[in-house]
Amino acid sequence: MPVSNIPDSMRLDRLLSQVTGLSRNHVKSLLRGDNVEVDGVTVRDAALQVNATQAITLREDAVEWPRERYVMLNKPAGYVCSTAEGAYPLVASLVDAPWADGLHSAGRLDADSTGLVLLTNDGQWSHALTSPRRQCVKSYVVTVKHPLQPGVVKRFAEGLMLNGEREPTLPAQLELIDTHTARVQICEGRYHQVKRMIAACSNRVVTLHREAIGHLVLDAALNPGEWRELTPEEISGV
Ligand code: URA
């Protein structure tokens with residue numbers, strides 16, 4: 001398992017806000033109302049430094065120290081894999097849990113692409129998964145505008161020169177499903193890579209759906225917009 005990157009100590013108001021999803025101001029009013037105890041003593045000081053060994057309660061309910069979270073999401077079109085607000089809503093906004101705020105995506109999917117996105121607050125885990133040295137295989141189902149020519153299989157396998165790049169793509173797999181649909185497997189993560197590889201073959205991507213990242217396969221029970229936490233086996237397989 002990766003080494004933890006959750007701090008061992010933090011301000012009490014930050015802890016309570018992270019765990020409950022409430023704003024710092026709301027947490028401060030709870031503190032002023034004598035709702036919080038640390039090791040059996042009522043505490044009002046929002047700035048108090050607390051650590052993972054202490055018994056903390058909010059309205060007599062035990063407060064669990066934050067932990068690493070690992071989520072698989074079936075991303076619908078129209079969401080971005082970013083942590084900065086922009087024109088589209090963020091993928092993390094689909095995760096309706098109080099701890100969702102600290103999540104980032106391990107690798108990206110374009111706003112108009114759909115399918116498997118992995119979200120975590122564990123930077124070492126996401127780095128291990130997405131590091132170019134690892135050459136983790138990503139699998140996509142792609143539909144295209146024009147009929148796929150048989151020659152594309154060979155061109156993907158040989159590597160393609162993409163516009164504005166110095167090195168050809170690493171060997172990739174393209175399996176024809178029907179005239180306009182293919183399964184594509186790549187082990188790099190260049191910008192808009194699949195779309196640009198298809199464009200280099202004089203065609204155009206209409207839809208792009210990610211099925212798998214390495215050993216992690218999108219759960220068929222997840223409808224677009226739905227998520228679940230990864231199992232311990234899924235997490236440690238990375
Ligand atoms: N390749 C693309 O072109 N877009 C994605 O979102 C992922 C891979």
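These legends go with close-up views of a predicted model.

**View 1. Helix H1 and what packs over it.**
Helix H1 covers residues 12-20. Which of its residues are buried? They are Leu 12, Asp 13, Leu 15, Leu 16 and Ser 17. The cover over these buried residues includes one helix, H2 (24-32), along with strands E1 (9-11), E2 (36-38), E4 (49-51) and E5 (56-58). Just past the end of H1 comes Gly 21, with a positive phi of about 80°.

**View 2. The shell around the ligand.**
Here's who lines up around the ligand: Leu 109, Asp 110, Ser 113, Tyr 140, His 192, Gln 193, Val 194, Lys 195 and Leu 208. Helix H5 (residues 193-200) chips in three residues, the largest share of that shell. As for where the ligand sits, the space it takes is the largest pocket.

**View 3. Polar atoms facing the ligand.**
Zoom in on the heteroatoms and three residues are worth a look: Ser 113, His 192 and Val 194. Ser 113 uses its side chain, with an N or O atom 3.3 Å from an oxygen atom of the ligand. His 192 works through its backbone instead: a polar atom there is 3.2 Å from a ligand oxygen. With Val 194 the ligand partner is a nitrogen atom, 3.1 Å from a backbone N or O atom of the residue. How much of the ligand's accessible area does the protein cover? On its own the ligand has 240 Å², and the protein covers 95% of that.

**View 4. Val 63, in the loop between E6 and E7.**
Val 63 belongs to the loop that runs between strand E6 (61-62) and strand E7 (70-75). It counts as buried because its relative accessibility is 16%, and the cut-off for buried is under 20%. Setting aside neighbours within four places in sequence, Val 63 touches Leu 15, Leu 16 and Val 19, plus Ile 56, Thr 57 and Leu 58. Two of these partners, Leu 15 and Leu 16, are among the buried residues of H1 from View 1. For a distance check, take Leu 22: 41 residues separate it from Val 63 along the chain, and their C-alpha atoms are 13 Å apart.

**View 5. Arg 69, also between E6 and E7.**
Arg 69 lies in the loop between E6 and E7. Is this arginine buried or exposed? Arg 69 is buried, since its relative accessible area is 11%. Its side chain makes a polar contact of 3.4 Å with the side chain of Glu 229. Beyond neighbours within four places in sequence, Arg 69 is in contact with Trp 99, Leu 103, Leu 119, Thr 120 and Asn 121, as well as Glu 229.

Terms used
Residues numbered from 1 in each chain as written. Predicted model: local features only at pLDDT ≥ 70, side-chain atom pairs only at ≥ 80, totals over all residues. Heavy atoms only, no water. Buried < 20%, exposed > 50% of the residue type's maximum accessible area, 1.4 Å probe, protein only. Helix = DSSP H or I, 4+ residues; strand = E, 2+ residues; numbered from the N terminus. Contact = heavy atoms within 4.5 Å. Near = heavy atom within 4 Å. Polar contact = N/O pair within 3.5 Å; in protein donor to acceptor, adjacent residues only side chain to side chain. Areas by Shrake-Rupley, 256 points an atom, 1.4 Å probe, with all protein chains shown as cover. 1 Å grid on protein atoms, 1.4 Å probe; cavity = no way out; pocket = protein on both sides within 12 Å on 5 of 7 lines; lining within 4 Å. Sits in = over half its atoms within 2 Å of the grid points.
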